[in-house]
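Trainee: I am new to this structure and would like a close look at one part of it. Please pick a place to start and follow the connections outward from there.

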Amino acid sequence: MNFNFFGDVFFPPACVACGDSIPGGIICDACKNSIDGFDTLFCGICAARLPDQKKICHTDAPFLLGAAAAYDGNALRALIHALKFQGIAAAAEPLAALLVRYVARIHLSLDGFTVTPLPLSPQRARARGFNQSALIARPFAAAAGLPFEERLLARVQHRKPQSDTEDIFERRENIKGCFAPAPGAAIAGKKIVLMDDVTTSGTTFTEAARVLRRAGAKKIIALAAAKA
Ligand SMILES: [Zn+2]
Ligand SMILES: [Zn+2]
């Protein structure tokens, strides 16, 4: 079944968060405005807030972390749920817009960066029918005027979802060795925005960033629509 088709055509034109009727829309203005955005970058290792966008606590972190808003908000959670589990591809647009506003709010310069999504394993991509991170990353890149490359990284191991793991130690084990440079991908010297829908402990970003750095990436900013 084509879930995008199913979602776009048959999902009633109502706000995914409050259910109010909004013909042609996906989230109403009131719900959208209720999403309380972050105003700093975060340390990629300990998630400390970095008001000046400089690594202050873990200077060896392979990336800086950015997130548009906290995952505990109902509206943001509803958008991500609609995108990821109901297959409503149109929910990616407001998520990308949130990220564009966040980048502007914190005055983050992404000059010279290329945007790439965290890849799914081929098994999961087949089962879900789409990569939700790519659906967010593509309109984000377009709005930010940045190049988009869907395949810089490949997922070479299929494991259980990070959300099914018990703790940070299991998360780290579960994700280890999952990523590799995609065949033929030009990574060396690149500045890369790595995109995911939700980040929890940052272990997935950490593993992916390490692989990209090992392949010669110059700088990495990991961006998630939501941070738990
Ligand atoms: Zn609403
Ligand atoms: Zn830190």
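**From one ring to the sheet**

Mentor: Let's begin at phenylalanine 205, a buried residue whose relative accessible area is 1%. Buried here means under 20% relative accessible area, while exposed means over 50% and partly exposed is in between, with a 1.4 Å probe and protein chains only. Please keep in mind that this is a predicted model, in which local features need pLDDT of at least 70 and side-chain atom pairs count only at pLDDT 80 or more, while totals for chains, interfaces and linings use all residues. Residues are numbered from 1 along each chain as its sequence is written, chains are lettered from A and ligands numbered from 1 in the order in which they are written, and side-chain values use heavy atoms, with hydrogens and water left out.

Phenylalanine 205 brings us to the aromatic pairs, of which the structure holds two. One joins phenylalanine 38 to phenylalanine 42 in an edge-to-face arrangement, with 5.1 Å from centre to centre and 80° between the planes. For rings of Phe, Tyr and Trp (its six-membered ring), a pair needs centres within 6.5 Å; planes under 30 degrees apart are stacked, over 60 edge-to-face, and the rest tilted. Both partners are buried: phenylalanine 38 has a relative accessible area of 12%, and phenylalanine 42 has a relative accessibility of 2%.

The other pair is the one with our starting residue. The ring centres of phenylalanine 63 and phenylalanine 205 are 6.2 Å apart and the planes meet at 55°, so this pair is tilted. It ties together distant parts of the chain, 142 residues apart: phenylalanine 63 belongs to the loop between strand E2 (49-50) and strand E3, while phenylalanine 205 belongs to helix H8 (residues 203-214). Helices (H or I, at least four residues) and strands (E, at least two) are DSSP runs, numbered from the N terminus. Like its partner, phenylalanine 63 is buried, with a relative accessible area of 1%.

Now step from that loop into E3, which covers residues 64-70. Six of its seven residues are buried, so E3 is largely enclosed by the rest of the structure. On the one hand, E3 pairs with strand E1 (residues 41-43) in the antiparallel sense, over two bridges; two strands count as paired if DSSP finds at least two bridges between them. Here leucine 64 of E3 faces cysteine 43. On the other hand, E3 runs parallel to strand E8 (residues 219-227), and six bridges join them. Leucine 64 turns up again in this pairing, standing opposite isoleucine 221 in E8. Further along, leucine 65 has alanine 222 of E8 as its bridge partner, and alanine 67 has alanine 224 of E8.

E8 is the next stop. Eight of its nine residues are buried, so E8 too is largely enclosed by the rest of the structure. Lysine 227 lies over the face of phenylalanine 42, 4.7 Å from the ring centre, which takes us back to a ring we met earlier. A charge sits over a ring if NZ of Lys or CZ of Arg is within 6 Å of the ring centre and within 35 degrees of the ring normal. Another such contact has the charged end of arginine 77 over the ring of tyrosine 71, at 4.4 Å from its centre.

E8 also pairs with strand E7, in the parallel sense and over eight bridges. Lysine 191 is found opposite lysine 219 of E8, and isoleucine 192 has isoleucine 220 of E8 as its bridge partner. In E7, eight of nine residues are buried, so this strand is likewise largely enclosed by the rest of the structure. E7 then pairs in the parallel sense with strand E4 (residues 113-117), over five bridges. One bridge there sets threonine 116 against leucine 194 in E7.

Put these steps together and you have an open sheet of six strands with mixed pairing, in the order E2-E1-E3-E8-E7-E4. E2 and E4 are at its edges with a single partner strand each, so one side of each has no neighbour in the sheet. As you trace the picture yourself, start again from buried phenylalanine 205, cross to phenylalanine 63 in the loop between E2 and E3, and then follow the strand order from E3 to E8, E7 and E4.
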